[in-house]
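Hi,

Here is the structure I promised to pass on. Please open it alongside these notes.

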Amino acid sequence: MKFQIMLKILFRLLRKRKLCAKDLAAENGVSERSIYRYVEELIVSGVPIDIIRGRNGGICLPDTYRLPENFFSKEEFAAAVNALNALSEQLPDKAIRSALEKLTLQQKQSSRDLTISGNILVDSGTWGDAYGFSDTLKFMEQAIENCRCLDITYLDRSGTQSRRIIEPHLLIYKQNIWYVYAFCRRREDFRLFRVARIRGASDTGECFEKRPFDRDNLPLKFNFTDKELIDLRILVQKEALPDVEEWLGVGNIHLQDGRIYAEAVLPQGEPLLSKLLSFGDTIKIERPKTLSQELTARAKRLAALYDSN
C-alpha cells in the first residue's frame, strides 16, 4: 500500500508538478502527515521534490525532472503499452486511460538527443546524467528563448542549498562545463550558475524583459578574485603534451631550452589539484611552490593509503 501511494504521488507530480498535501491525503485515504512521510522517502530515493511552506506553497516537482531513461527497458515499455492498449479497447476504464497517458508522457520526455548546430555536434548529457542534465539544459535554453523567469534550487560547492528567482539570458560553455548567465533577483545582479548544480528548476509563469549586458565583456573568470587565481607554470613531458594542449590551449604552450612548458592563470582549489594529479609523473609544477607542496602532500597521503593494504 505504501509503495503504491508513493508511486501515485510521483506520477501525479509528473503531470501536475505542484500538488497540495491535503488533496493527496484525501485521494489516498491517509493523513497529511503520512503524505509528507512518503514524500520524504521519495526525496531520499533521489527525486528532487521541494516542499514549499506558506499560502502559495505545496509539494513541487521541478519542470526539469523526468523519470530515468532506464525506468523501463525498451521491451518492457513496448509490452506495457501494447497490453494497456489492448485492454483499453475491451475495457474503457478511466484508470487504464490514465496509465496510458503517463506512459506516453514518459516516452515523449525521456528522449536524449544529440544537439546539432551547424557543423557542431554536442552531446549535452553528463556521464551519469542522474538528475536529467540534458533535460535541464534544454529547459534553460527554452526559458532564455522565451524570456521566462525560473525558480531554481541551487547547490553550491560548499553543499549549501538555496532557492532563487532568475532571469536567464545566456548559456555559456567553457572548459567542458555549462553555465547559465542570469539576473538573480535575490542578489539584484547578474550571476553565473553552473547548470550541473541546479537541482531543479520550474517556470514561474512570469515573463521578463532582457536586460542590457555586454557579451564581449562577460565575467568569464567567473567572479574569482585575484586571491583565488594562481599563475601556474608546469614542465610537460612529451607524452602529456596532447592532453595539456586540450586542457590549457596550444597558445599557452611554449619551448624553452629544449623543454616544454605550459603557463596559465587558473582558479585554485580541489578541481585544479585533481586535474594535476591525473597527469601523474608526466608533468612537474614549476610555480607556485605552495601548489607543488600541496600536491606532494596529497601524493604522499595517497601512497600511504595503499601502503597500508
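One pairing to start with: in β13, the bridge partner of L255 is I260. Keep in mind that this is a predicted model.

That contact belongs to a wider pairing. Strands β12 and β13 (residues 259-267) run antiparallel, and four bridges join them.

Now the sheet as a whole. It is open and has four strands. Their order is β12-β13-β11-β14, and the pairing is antiparallel. The edges are taken by β12 (253-256) and β14 (283-287). Each of these has a single partner strand, so one side of each is left without a neighbour in the sheet. From one strand to the next, the twist averages 35°.

Two helices pack on this sheet.

- Helix α8 (residues 270-278) touches β11 (229-236), β13 and β14. Its direction makes about 0° with that of β11.
- Helix α9 (residues 289-307) touches β11 and β14. Its direction makes about 140° with that of β14.

Next, the nonpolar cores. Which residues have the most contacts inside the largest one? They are L232, I234, V244, W247, L276 and L291. That core has 22 residues. The elements giving two or more residues to it are β11, α7 (241-248), β13, α8, β14 and α9. So both packing helices, α8 and α9, are on that list, as are the strands β11, β13 and β14.

Another core lies apart from this one. It has 21 residues, including A21, L42, V47 and I59.

Best wishes

Note on methods. Residues are numbered from 1 along each chain as its sequence is written. This is a predicted model: local features need pLDDT of at least 70, side-chain atom pairs count only at pLDDT 80 or more; totals for chains, interfaces and linings use all residues. Side-chain values use heavy atoms; hydrogens and water are left out. Two strands pair if DSSP finds at least two bridges between them. Axes are lines fitted to C-alpha atoms, for helices over the stretch in contact, and angles run from 0 to 180 degrees between N-to-C directions. Contact means heavy atoms within 4.5 Å. A nonpolar core is a set of buried Ala, Val, Leu, Ile, Met, Phe, Trp, Tyr and Cys residues joined through side-chain atoms within 4.5 Å. Buried means under 20% relative accessible area, exposed over 50%, partly exposed in between (1.4 Å probe, protein chains only).
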